[in-house]
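Here are my notes on this one, as numbered points. Have the coordinates open while you read.

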Amino acid sequence: MADISISNLVKTYPGGTERATDDVSLEIADGDFTVLLGPSGCGKTTLLRMLAGLELPDSGSISIGGRDVTYLPPNKRNISMVFQSYAVFPHRSVRYNIGFGLQMAKMPKSDIEKKVQWAAELLQLGPYLDRLPAQLSGGQRQRVAVARAIVVDADVLLMDEPLSNLDALLRLNFRSELKKIVQDLGTTTVYVTHDQSEALSLGDQVAVMRKGRIAQLGGPLDVYDAPSDRFVGGFIGSPPMNFIDAAVTADGDTLVVGDQKLMAPSLLRSFKASDIVLGVRAENVAVGTQRSSGDIAATVLVVEPMGSTVLLTVDVEGQTLKVQAPPTFRTAPHQTIWLSFSPNTMRFYDRETSMALE
Ligand code: ATP
């Protein structure tokens, strides 16, 4: 069993004024793929490096498979790691690079060869085993780094932005391959990225980090559909969630946006007569050219055909929103269109604290 339990990890770097991780606790089940997601500087790499044993925490603890590893050196943790930079030996063959960890572990040569062949096949590196890393493409070099990490049968696989040096198309292809490989291996994996689409596509659970803390932990759909605060809603999704200043009427039945009115979902009965923020995803706003009851008016600012959808930037009472229309929807800047919101996709946030209203 290689479940991971992280408790109250605090880390401040020498000379640093802020905590790089600030009381982080996280449970990861055996075999789970967990993604640490967040903007630059939020502490994801620091957390991963503490898991790896490359940094020590000021306080808190880490256990893997029930064993306290907080202060163990990296080689005593049975983990393997893939870094953003390929970190391969440039003057050694692909075969040597993949087998390096096994050689260090003094595995018999014939077993090493079998393992290397297995990993090379899995990562489609068979034809390149005798090449030097310089004779490979970036994508192939990154495959070598992954192959090297998986041959050692570690309890835990740690990956720090392993796809970030690849171009967009390669990145997309390798992403799904990596997901399949890790799924088949069943190794507990912790993966760092600042790319929200990568996090949603790969993670069984996603820990969205901000300023050294976990802002929300949940399945990819949970963090996408029901962001726990405005930061998470704004960080996840492309385009990010729309946030609209609105007010709940005194009877709690109506939501007012500027001069326009929407029916308020029952949740808002507890927030009568208050200023709130309505959060809604672009694809959850239905658009029309004719008014239906309950719709609000918007003025089209920008029309962007995206192929499968048309992305519209619109103005509602001086507030800018992104909405998605079907590809056949025809409109133009300055036109008035009508928006309708379905109550179960509307989210609400506190105007002051930015936290979700419940
Ligand atoms: P990125 O995506 O840019 O790698 P990150 O989320 O991985 O960012 P960390 O690298 O963990 O963030 O950094 C967290 C905080 O700790 C940042 O404020 C950073 O400046 C600081 N920090 C990181 N490494 C060091 C170091 N070696 N010495 C001092 N401060 C550091």
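**Notes on the fold**

1. Let's start with helix 4 (residues 138–151), which lies across strand 6 and strand 7 (156–160) and runs at about 175 degrees to strand 6. Helices (H or I, at least four residues) and strands (E, at least two) are DSSP runs, numbered from the N terminus. Axes are lines fitted to C-alpha atoms, for helices over the stretch in contact (C-beta atoms, placed from the backbone, within 7 Å), and angles run from 0 to 180 degrees between N-to-C directions.

2. Bear in mind that this is a predicted model: local features need pLDDT of at least 70, side-chain atom pairs count only at pLDDT 80 or more, and totals for chains, interfaces and linings use all residues. Residue numbers start from 1 along each chain as its sequence is written.

3. On to the sheet: an open one, with six strands in the order 6-7-8-3-9-10 and mixed pairing (two strands pair if DSSP finds at least two bridges between them). Strand 6 (79–82) and strand 10 (213–218) are the edges, each pairing on one side only. From one strand to the next, the twist averages 20 degrees.

4. Strand 9 (residues 205–210) and strand 10 run antiparallel, joined by five bridges. Look for M209 opposite I214 in strand 10.

5. What does V156 touch? Leaving out residues up to four places away in sequence, V156 touches A2, I4, I64, I79, T187, T188 and V190.

Terms used:
Contact = placed C-beta atoms within 7 Å.
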